[in-house]
Amino acid sequence: MVSFSPWRILLLSASAAAIANITDDSYFYGQSPPVYPSPPMPGSSSWAAAHAKAVALVSQMTLEEKANITVGYSPLTGCSGETGSVPRLNWPGLCLSDAGNGLRATDFVNGWPSGIHVGASWDKNLAYQRALHMGGEFKTKGVHVALGPVVAPLGRVAEGGRNWEGISNDPYLCGSLAGETVRGIQEAGVTTSVKHYIGYEQETNRNPAGDVASVSANIDDKTLHELYLWPFADALHAGAGCIMCSYNRVNNSYSCQNSKLLNGILKTELGFEGFVVSDWGGQHTGLASAEAGLDVAMPSSSFWGSTGQNLLQAVNNGSLVESRVTDMATRIVASWYQMGQDSGFPAGGVGMPSAFYKPHTPVYARDPSSKEFLVDGALEGHVLVKNINNALPLQKPKLLSVFGYDAPAPPEMNVGGPNDLLGGTWFYGYESELDYLPFLEGLPGTPQIAANGTIISGGGSGANAPAYISAPFDAIKEQAYEDGTSLYWDFLNVAPTVDTSTDACLVFINAFASEGDDRAGLHDDYSDALIKNVAASCPNTIVTIHNAGIRLVDQWIENPNITAVIFAHLPGQDSGRALVQLLYGQQSFSGKLPYTVAKNESDYTNGGKPSLAEAPYTYFPQSDFSEGLYIDYKYFDQKNITPRYEFGFGLTYTTFSYSDLEINKLDGVSTAPTPPPSPVIPGGIASLWDVVAQVTATVTNTGNVTCAEIAQLYVGIPGGPVKQLRGFSKIGVPAGGNVTFEFDLMRRDLSTWDTCSQGWVLQGGSYNIWVGASSRNLPLEGTLTL
Ligand code: NOJ
């Protein structure tokens, strides 16, 4: 069982000032229990054929060859990493490339909506289609392994710099859509590297620096299972062939050498069939990481040796059993067979030179059939949270005023070409461009806003390479041309002049975030001032926020002149095109918040802040996940905090009513403390996925516009948080019509992790069931008795 060291708890309660800094890592030994040896690839039914083929191929490899494919080589292509190869056996090695929102830093690919946008769509089929088409682009360029999707960070820290790459801070929503993403990418023939395993919830101290180790995410066993591991289990159940271990430490042991997490949980309890790759530079030991279950070290390995020669030596001198190296190779090669990469797969990284300007034969990866899903993807992740005085949809306005730095395309697009050639940095690129917003100067790390134009993704390795950008102002101009609307714009001034005869003022702001830094806050004074200044003279002010994470609105949300507010998230390259269709009612809003918008920062767990290195742990920063399961809406429920906009909330152009809740327990469901004997399949014990109850409810469209509704099911598991999301479904409901929504509850959905028996337990008793439109609007209530 994972638990905090009693010594550390004692220390925490003593006066920090009186305690000298801990300088020796041995102080923490035992906090993450040892689990050895590393279990070999199981080769269970869904992987049996690939396993058998891999065993046959690997048996022909020498020890040198096996060791050589476990390490990364400096790529000759634009792949983010390449493994060694075995030309003698025609095994080409693997090209691994970023990331989860589109293939990065190359030409002829698309810039897809980001993870947070997928989360806001709550649309399983769309998540699958996005993944299938995006995966096709990776395959066309010969990328064997896509470095995504992101399910960690989950979003524990509201200011987290990479929350936007992930889907939602709710594990059920995140896991469902991550599962669809894995299915889609892998059906296209590309292995997913689900990342970052695990507890990678902040950028601050993510990597060791000087004498300071990476932050340790201290997570108890129950919280690990019921919250942070949950979406990984979904991804494995969907067949994920690769897991990336994270930079941080967990319970004071580096994730990429944590035997409890890799050998114990991933490769035993969750029956993982594929291989574990280190995050780039995330390997910190040789023998220890090999024995703890790491299979591939990226982008190269000083520990295992540039060709794996140190692994070889370790086997030859008896320090490491050869079967571990054989298992590493088997897992790597099996993923290649499992995705069908042994036949007809393009050459690794084809058409992706190491730098875009180097000569290369173009490889066109943009499939015309992707267009539909790029636009739908962009449309569905917009969330309308305020709409008064019939502000939206717009009706052929005579004069529209457009304000804010986020309305136009970034100026770099005019000189840099349509690709993310700078790894996403173009969003806030040239210092000179920032000069007109002096408040940004001198800020350490990532600025809170990208002041140079609209954002369609966040920054860092999760940024994508859009083929073009449809910025809001581009699409507004097109629509104005159609409607004969006059436009007035000012993107520069924080207090722009307003023409009093304007029909509406559209204000565009953003909240930027990038890998490497946590955000400096959840709202910024410049953007808030801009909105307030416009609203002071414009009684119909409509605010659109491109937000790479949670963005607070309480500085101005109750202002009656602010008539509509949209969280537009990160829509990918068709951003403006999609937004205009929504603003003008050609399409209806259908997204809902995949997180809670608080009234104040202080309303979030730990004030939304990352943990800092503090004495006596200055050299070993600690982040205690002592709130357990209670993050986001579960925390708001627990502490009785009223949010500004609750998890799951979103408006559209109609209204819905809910009726006819039916709850049916399936026959023969056993509530024995230990689940019935059942094999372990990828994701855990097979019976966890058995349906134990079914729920139906009727949703009626009470307005006169056909719109999609996302009905949500929450369960109160005895002894747990008041409610937890355990079902959702998105269906179009015709105006005046109704639709029956159905939800299957699986054994895992109702179970809790029992730390004593180290198993999931389905308790007998009464479970509250709610169905409704959001986590705080749940008109239907009933009970399931098990
Ligand atoms: C580090 C990032 O954490 C990871 O997400 C990414 O895939 C690798 N770098 C490779 O670029």
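This passage covers the ligand surroundings, some backbone details and two helix pairs in a predicted model.

The ligand is a good place to start. There are 13 residues around the ligand, and Asp98, Arg162, Lys195, His196 and Asp279 come nearest. For three of these, a polar atom of the side chain can be paired with a ligand oxygen. In Asp98, a side-chain N or O atom sits 2.5 Å from an oxygen atom of the ligand. For Arg162, the distance from a polar side-chain atom to a ligand oxygen is 2.7 Å, and for His196 a polar side-chain atom is likewise placed 2.7 Å from an oxygen atom of the ligand.

The backbone has a few quirks worth a look. Most peptide bonds are trans, and most residues other than glycine have a negative phi. Against that background, Asp98, one of the residues that come nearest to the ligand, is joined to Ala99 by a cis peptide bond, with omega near -5°. Ala99 itself belongs to the loop that runs between strand E3 (95-97) and helix H4 (115-121). A cis bond also links Tyr197 to Ile198, this time with omega near 5°. Here Ile198 falls in the loop between strand E5 (191-197) and strand E6 (216-218). The loop between E5 and E6 also holds Asn205, a non-glycine residue whose phi is positive, near 60°.

Turning to helix packing, H5 (residues 124-140) and H6 (residues 171-187) pack at about 30°, and their axes are 7 Å apart. The crossing of this pair is right-handed. On the H5 side the contact is made by Lys124, Ala127, Tyr128, Arg130, Ala131, Leu132, Met134 and Gly135, while H6 brings in Leu177, Glu180, Thr181, Arg183, Gly184, Ile185 and Glu187. Sorted by class, the contact of H5 with H6 comes out as seven nonpolar, three polar and five charged residues.

Further along the chain, helix H16 (residues 472-483) packs on helix H18 (residues 575-583) at an angle of about 50°, with 7 Å between their axes. Because of that angle, H16 counts as oblique to H18. The crossing of H16 past H18 is right-handed. Pro472, Ala475, Ile476 and Gln479 supply the H16 half of the contact, and they meet Gly576, Arg577, Leu579 and Val580 of H18. In terms of class, five nonpolar, two polar and one charged residues make up the contact of H16 with H18.

Note on methods:
Residues are numbered from 1 along each chain as its sequence is written. This is a predicted model: local features need pLDDT of at least 70, side-chain atom pairs count only at pLDDT 80 or more; totals for chains, interfaces and linings use all residues. Side-chain values use heavy atoms; hydrogens and water are left out. Axes are lines fitted to C-alpha atoms, for helices over the stretch in contact, and angles run from 0 to 180 degrees between N-to-C directions. Helices (H or I, at least four residues) and strands (E, at least two) are DSSP runs, numbered from the N terminus. Angles under 35 degrees count as roughly parallel, over 145 as roughly antiparallel, 65 to 115 as roughly perpendicular and the rest as oblique. A crossing is left-handed if the near helix is turned anticlockwise from the far one by less than a right angle, and right-handed if clockwise. Contact means heavy atoms within 4.5 Å. Ala, Val, Leu, Ile, Met, Phe, Trp, Tyr, Cys and Pro count as nonpolar, Asp, Glu, Lys and Arg as charged, and the others, Gly among them, as polar. A residue is near a molecule or strand if one of its heavy atoms lies within 4 Å of it. A polar contact is a pair of N or O atoms within 3.5 Å; within protein, one must be able to donate a hydrogen and the other to accept it, and residues adjacent in sequence count only if both atoms are side-chain atoms.
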